[in-house]
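Got your viewer open and a selection box ready? Load the model below and follow along, one stop at a time.

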Amino acid sequence: MDKLIITGGMPLAGEVAVSGAKNAALPILCASLLTAEPLQLTNLPHLNDISTMLRLLAQMGVEVTLDGPAGLVLDAKGLNNPLAPYDLVKTMRASILVLGPLVARCGEARVSLPGGCAIGARPVDQHIKGLQAMGAEVTVEAGYVHAKAKRLKGARICTDMVTVTGTENLMMAAVLADGETIIENAAREPEVVDLANCLVAMGAHISGAGTDVIRIRGVERLSGAAHRIMPDRIETGTYLCAAAATGGEVRLTQTSAAYLDAVVDKLMDAGCDIVTERDAIRLKAPQRLKAVSLRTAPYPAFPTDMQAQFMAINAVADGVATIRETIFENRFMHANELMRLGADIQIEGSNAIVRGVDRLEGATVMATDLRASASLVIAGLVAQGETTIDRIYHLDRGYERIEEKLAKLGARVRRAH
Ligand SMILES: CC(=O)N[C@H]1[C@@H](OP(=O)(O)OP(=O)(O)OC[C@H]2O[C@@H](n3ccc(=O)[nH]c3=O)[C@H](O)[C@@H]2O)O[C@H](CO)[C@@H](O)[C@@H]1O
Ligand SMILES: C=C(OP(=O)(O)O)C(=O)O
């Protein structure tokens, strides 16, 4: 199992390019199932989750052709096996995103329930409830969701909570349904908007993406299209935090602050200077950060996917911060590992109270999930001496060439097998 070995204490400096967004790319890859014509995608990140999704699509009969360094053409005209087997689904929650498109295009789907991820139970009841409202017959048996519908029918759906992949799945199901679907309490995340833009380019009729009411008028068929995946706002935020924590100065390119208001505001509250350009962001860290409290919530509020990284920066800031996690019930697993490096963190239910310390010391720590791993990388970059992060396969799900990008910013980091 790969490890990352970091010798901390160097401020990050320089320029690095941000990759395409994992959480936009995954649903958009699934959108290829909705048409018999080629979908051409660019700015795809090279990540384990993307390879897993491509394997899943390929075994369903989708032809995948490389198209340049970060491009692919997906052709689902030969789609013949609307099945997502456990083996491919177990490592990646987002595989549930094939459910909506498969039922819409094939009239049937069998999708293994995605593996229980460490950050919480993560049920898919809202995905199922929405498909049932659209007339699908859905059963859950032996770990598989089996959904059937000759043709889905437009419906009014109000999800019990804001769900990102739930909104995406139902939006993809609705584009080929008979009549109008209204999704209320829809997720407003930028990745939902990126998916909607791609679907519209394919001929879908969607309005309201980016608000909490999305209207979709179903069409008979969709066509091929070309779409560029949006930049990864969480990767962007993670590198900003790494620069902030190490007292560095960086410029991130091929990205934008447009979808990062909540994160940028907190970094400015922490004392960072941030300058936003059209396709780039510059950050200059202060001598010492100020502690910043935060509460995670659906977009446009502070993203849960940035919570762990802010725990790391608060660990070395001046003062006491309270971090409240409201989305996932088990997303503080990085706290114990950060404490191994000398952080002072107390967990009280869904609150973490972080008291900034003067210094962290390198140690061996274990990555427990994707963003937890990112927080350990940030802490390792700050800590005196050597930090070894075990189980970085989590990190490889969501950060493209992380050691190369960090090295470009002057970090002393290497991968060991
Ligand atoms: C691939 C992808 O885009 N992943 C993101 C997506 O995950 P994902 O889409 O899985 O997260 P959701 O927005 O669905 O989850 C929000 C909350 O709703 C609950 N819930 C969700 C669906 C459902 O049917 N029933 C239910 O109870 C979840 O357990 C969680 O407590 O949004 C999360 C919240 O911003 C991010 O952390 C993930 O990075
Ligand atoms: C939790 C995440 O991903 P996933 O939903 O794919 O597990 C994430 O991107 O932080």
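**Stop 1: an enclosed helix**

Start by selecting helix α8: 13 of its 13 residues are buried, so the rest of the structure largely encloses it. Keep in mind as you go that you're looking at a predicted model. Now put a distance between the end C-alpha atoms of α8, which covers residues 233-245. You should get 18 Å, and that agrees with the 18 Å expected for 13 residues at 1.5 Å a residue. Step just past the helix to Gly 247, where phi is positive, near 70°.

**Stop 2: a helix with two sides**

Next, select α2, residues 48-58. Which of its residues are buried? Colour Asp 49, Ile 50, Met 53, Leu 56 and Leu 57 and you have them. Look down the axis of α2: those buried residues fall within an arc of 120°, so they line one face of the helix. The general rule behind this is handy: an α-helix has 3.6 residues a turn, so residues three or four places apart point the same way. Spin round to the face turned away from the buried side of α2, and you'll find the exposed residues Ser 51 and Arg 55.

What do the buried residues of α2 pack against? Show α1, β4 (63-66), β5 (72-75), β6 (83-84), α3 (86-89) and α13 (393-398). While α3 is on screen, pick out Val 89, which sits in that helix. Val 89 is buried, as 22 other C-beta atoms lie within 10 Å. For a long-range check, draw a line from Val 89 to Arg 415: they are 326 residues apart in sequence, and their C-alpha atoms are 27 Å apart in space.

**Stop 3: the cores**

Time for the nonpolar interior. The largest nonpolar core has 74 residues, and the ones with the most contacts inside it are Ala 31, Val 103, Met 171, Ala 173 and Val 175. Helix α1 (residues 22-31) gives the most to this core, with seven residues. Zoom in on Val 103: leaving out residues up to four places away in sequence, it touches Glu 108, Ala 109, Leu 131, Ala 136, Ala 147, Ala 149, Leu 152 and Ala 173. Apart from that core lies another, of 71 residues, including Ile 6, Ala 379, Ile 402 and Leu 406.

**Stop 4: strands and sheets**

Switch to cartoon and find the open sheet of four strands ordered β2-β15-β17-β16, with mixed pairing. Its edge strands are β2 (13-17) and β16 (273-276), each pairing on one side only. From one strand to the next, the twist averages 15°. Zoom in on β2 and β15 (residues 249-253), which pair in the parallel sense over five bridges. There, Val 16 stands opposite Leu 252.

A second open sheet of four strands runs β18-β19-β21-β20, again with mixed pairing. Its edges are β18 (294-295) and β20 (344-348). β18 runs parallel to β19 (residues 320-324), joined by two bridges, and Arg 295 has Arg 324 as its bridge partner.

Last selection: β14, residues 225-228, with side chains on. Which ones point to the buried face? Ala 225 and His 227 do, while Ala 226 and Arg 228 point to the other face and are not buried. β14 pairs with β3 (residues 39-42) in the parallel sense over four bridges, and Ala 226 is the bridge partner of Gln 40.

Terms used:
Residues numbered from 1 in each chain as written. Chains lettered and ligands numbered in written order. Predicted model: local features only at pLDDT ≥ 70, side-chain atom pairs only at ≥ 80, totals over all residues. Pairing = 2+ DSSP bridges. Axes fitted to C-alpha atoms, helices over the stretch in contact; angles between N-to-C directions. Core = buried A, V, L, I, M, F, W, Y, C linked by C-beta atoms within 7 Å. Buried ≥ 20, exposed ≤ 12 C-beta atoms within 10 Å, placed from the backbone. Contact = placed C-beta atoms within 7 Å. Expected span 1.5 Å × (residues − 1). Arc of directions from axis to C-beta.
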